[in-house]
Amino acid sequence: MAETSHADIAAYLLGVLDQPDHVAFETHLMECERCQDELLELRDVPCMLDEVKHAWPSGPKAPAPRSPDDWTPETSGHVSLF
Ligand SMILES: [Zn+2]
C-alpha cells in the first residue's frame, strides 16, 4: 500500500496524480496543516504554467532562420565602425 506523501502536493496541484492517489492526497490534505500551508503557497504555480501555455500555444519554436539576402551593410551595424 502506498503511503501518501507530503511531496505529492506538487503533483496534486499539477493534476498529474492518478485518481486513487488524488483521492488519497485530498484525504491527507484535510488532516495535514503542513500541506494546507504549502497548498496556499504553491497554488499560483498552475496559473503560471497556464500563462506559459497561452504565451506558447504551439510550444517553443526556434526563430526562423534569417535569409542571407536580408543582410546589408546598413542593417548590420558594423560598417560604421570603420
Ligand atoms: Zn502533508
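**Close-up views of a predicted helical chain**

**View 1. Ile 9 is a buried residue of the predicted model**. Ile 9 counts as buried because 22 other C-beta atoms lie within 10 Å of its own, where the cut-off for burial is 20 or more. The residue belongs to helix α1. Leaving out residues up to four places away in sequence, Ile 9 touches Cys 35, Glu 38, Leu 39 and Leu 42. A further pair in this view is Ile 9 and Arg 43, which are 34 residues apart along the chain and have C-alpha atoms separated by 9.8 Å. In the chain as a whole, 6% of the 82 residues count as buried.

**View 2. His 6 is partly exposed in the segment before α1**. The segment before helix α1 contains His 6. This residue has 13 other C-beta atoms within 10 Å and is therefore classed as partly exposed, the class between 12 or fewer (exposed) and 20 or more (buried). Apart from its neighbours within four places in sequence, His 6 is in contact with Arg 34 and Cys 35. Cys 35 is also among the residues touched by Ile 9. Between the C-alpha atoms of His 6 and Cys 32 the separation is 8.7 Å, with their positions 26 residues apart along the chain.

**View 3. Ala 7 is an exposed residue ahead of helix α1**. Ala 7 lies in the segment before α1, a helix that spans residues 8–14. With 10 other C-beta atoms within 10 Å, Ala 7 is exposed, because the limit for that class is 12 or fewer. The C-alpha atoms of Ala 7 and Phe 25 are separated by 9.9 Å, and the two residues are 18 apart along the chain.

**View 4. Residues 7–36 carry a UniProt domain annotation**. An unreviewed UniProt entry lists this span as "domain: Putative zinc-finger". In the predicted model the span is 80% helix and 0% strand. The C-alpha atoms at its two ends lie 12 Å apart.

**View 5. Helices α2 and α5 mark the extremes of mean pLDDT among the elements**. The chain has 5 helices and 0 strands, in the order α-α-α-α-α from the N terminus on. Helix α2, residues 19–31, has the highest mean pLDDT of these elements, at 93. Helix α5, residues 73–76, has the lowest, at 59. For the chain, the mean pLDDT is 77, and 65% of the residues reach 70 or more. Where pLDDT is low, predicted coordinates should not be read in detail.

Notes
Residues numbered from 1 in each chain as written. Predicted model: local features only at pLDDT ≥ 70, side-chain atom pairs only at ≥ 80, totals over all residues. Helix = DSSP H or I, 4+ residues; strand = E, 2+ residues; numbered from the N terminus. UniProt positions renumbered as here; feature names shortened; annotations may be inferred. pLDDT = per-residue confidence, 0-100. Contact = placed C-beta atoms within 7 Å.
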